[in-house]
Amino acid sequence: MSQQQQSHVAEVTHRLVSSPAGRIHVVEQGRGPMVLLVHGFPESWYSWRHQLPVLAAAGYRAVAIDVRGYGRSSKPFDTAAYRMLDLVADNVAVVHALGEESAVVVGHDWGAAIAANSALLRPEVFSAVGLLSVPYAPRGGPRPTELFARMGGDEEFYVSYFQEPGRAEGEIEPDVRGWLRGFYAALSADTMPAPGAPDPHFVGRGGTLRDRFPTGRPPAWLSDRDLDVYAGEFERTGLTGALNRYRNMDRDWEDLAALDGAPVTQPSLFVGGKLDASTTWLADAIAAYPVTLPGLISSHILDGCGHWIQQERPEEFNRLLTDWLAALPT
């Protein structure tokens, strides 16, 4: 980030706004049309640190949130409080609490799914949608937990591993910083396991996820300070709120049954990493975009990029993002 951009970072405003979760922590910078930024797992508003000053400089009101269960946002006790309908309601509440009627919504990882469903469910509020890493795939098919249970053969897919409350927490929370460092490295282009190595998205019988994390250097995008920020938040909050998102996939499947196969029609952006499993596993979803994402304006697969797109390739992504925003209908 340039010195000028760093000076902008000091100008961000932190506040707590009311929402169905209780309170949502928002970090905003700039004036102009609102761009709502929604992070994924296991991150926070901080994953958008490279975008906030650039969007502000381009004439937008950039607003990054801590999703409920993360950071300084409220953490409802009930597992069912992390269903997609509630997360969409939080996004709407943030837009209105900040005095706006509408916003562009951009999300990464789980944030991409939250962004897509926000646009699908509340099109009068969310005028355009940007998706990073995880392609839009309409609701449909078998019950998600049944599908994931069939993946991996003798191994267990990480989403299934996350289902039982307390199980993944027991792996992560004794060494949050070390676990995050390994998880980030496992999905980063410059540190992910070599082709043919055991897949870190799966757990061996009787094992843990971290058994397959890289143990060498951290990814180039992750400084010690960055890791300290992420680890400090999760050491304070624990991981249950974040993991509860995975524990609601069947509820979402039931809640959204009336929207089976529904397209997201607003102007849209998709950016994936060529080395990201989300892009390769969901290649059919990307191929279906003419039907499922008919408003797609800009779609890019970044060579040599892993899962953490806006942090691995901030300058390239920022150009794509601001060019797309500039091309949106006013």
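This is a short tour of the pockets, cavities and salt bridges in a predicted model.

**Stop 1: the largest pocket**

Start by selecting Val 134, Ala 137, Phe 148, Met 249 and Leu 282. Of the 47 residues that line the largest pocket, these are the closest to its centre. The pocket around them has a volume of about 1,300 Å³.

Next, colour the helices that help to build the wall. Those giving two or more residues to the lining include helix 4 (110-121), helix 5 (144-149), helix 6 (158-161) and helix 8 (176-186). Further along the chain, helix 11 (249-255), helix 12 (277-281) and helix 13 (283-287) belong to the same list. Which helix gives the most? Select helix 4, which gives six residues to the lining.

Now try colouring the lining by residue class. You should find 35 nonpolar residues, seven polar ones and five charged ones.

**Stop 2: the largest cavity**

How many cavities of 30 Å³ or more does a search of the whole structure find? There are two, and we will visit both. As a general idea, rolling a probe the size of a water molecule over the atoms shows where empty space is left.

For the largest cavity, select His 39, Gly 40, Phe 41, Val 67, Arg 68 and Tyr 70, then add Tyr 82, Leu 87, Trp 110, Ile 114, Gly 241 and Arg 245. These residues line about 70 Å³ of space. By class, the lining has seven nonpolar, three polar and two charged residues.

**Stop 3: the second largest cavity**

Keep Val 67, Arg 68, Leu 87 and Ile 114 selected, since they line this cavity too. Add Ile 24, Val 38, Ile 65, Asp 66, Asp 90 and Asn 91 to complete the lining. The space inside is about 50 Å³. Helix 3 gives the most to this lining, with three residues. Here the classes divide into six nonpolar, one polar and three charged.

**Stop 4: a salt bridge beside the cavity lining**

Stay with two residues from that lining, Arg 68 and Asp 90. They form a salt bridge, with the closest N and O atoms 2.6 Å apart. Arg 68 sits in the loop between strand 4 and helix 3 (84-97), while Asp 90 is in helix 3, 22 residues apart along the chain. Are these two buried or exposed? Both Arg 68 and Asp 90 are buried.

**Stop 5: a bridge between two strands**

Select Glu 28 and Arg 61 next. Their salt bridge brings the closest N and O atoms to 2.8 Å apart. Glu 28 is in strand 2 (residues 22-29) and Arg 61 in strand 4 (residues 61-65), so the pair links distant parts of the chain, 33 residues apart. Glu 28 counts as buried because its relative accessibility is 7%, under the 20% cut-off. Arg 61 is buried as well, with a relative accessible area of 13%.

Now add Arg 15 and Glu 100 to your selection. Together with Glu 28 and Arg 61, they are linked in a network of salt bridges.

**Stop 6: a bridge between two loops**

For the last stop, select Arg 217 and Asp 190, whose side chains meet in a salt bridge (3.2 Å, N to O). Arg 217 lies in the loop between strand 8 (202-203) and helix 9 (224-237). Asp 190 lies in the loop between helix 8 and strand 8, 27 residues apart from Arg 217. Asp 190 is partly exposed, with a relative accessible area of 31%.

If you would like to keep exploring, the full count comes to 20 salt bridges.

Note on methods
Residues numbered from 1 in each chain as written. Predicted model: local features only at pLDDT ≥ 70, side-chain atom pairs only at ≥ 80, totals over all residues. Heavy atoms only, no water. 1 Å grid on protein atoms, 1.4 Å probe; cavity = no way out; pocket = protein on both sides within 12 Å on 5 of 7 lines; lining within 4 Å. Points joined across faces, edges and corners; volume = space filled by probe spheres on them. Helix = DSSP H or I, 4+ residues; strand = E, 2+ residues; numbered from the N terminus. Nonpolar A, V, L, I, M, F, W, Y, C, P; charged D, E, K, R; others polar. Salt bridge = Lys/Arg side-chain N within 4 Å of Asp/Glu carboxyl O. Buried < 20%, exposed > 50% of the residue type's maximum accessible area, 1.4 Å probe, protein only.
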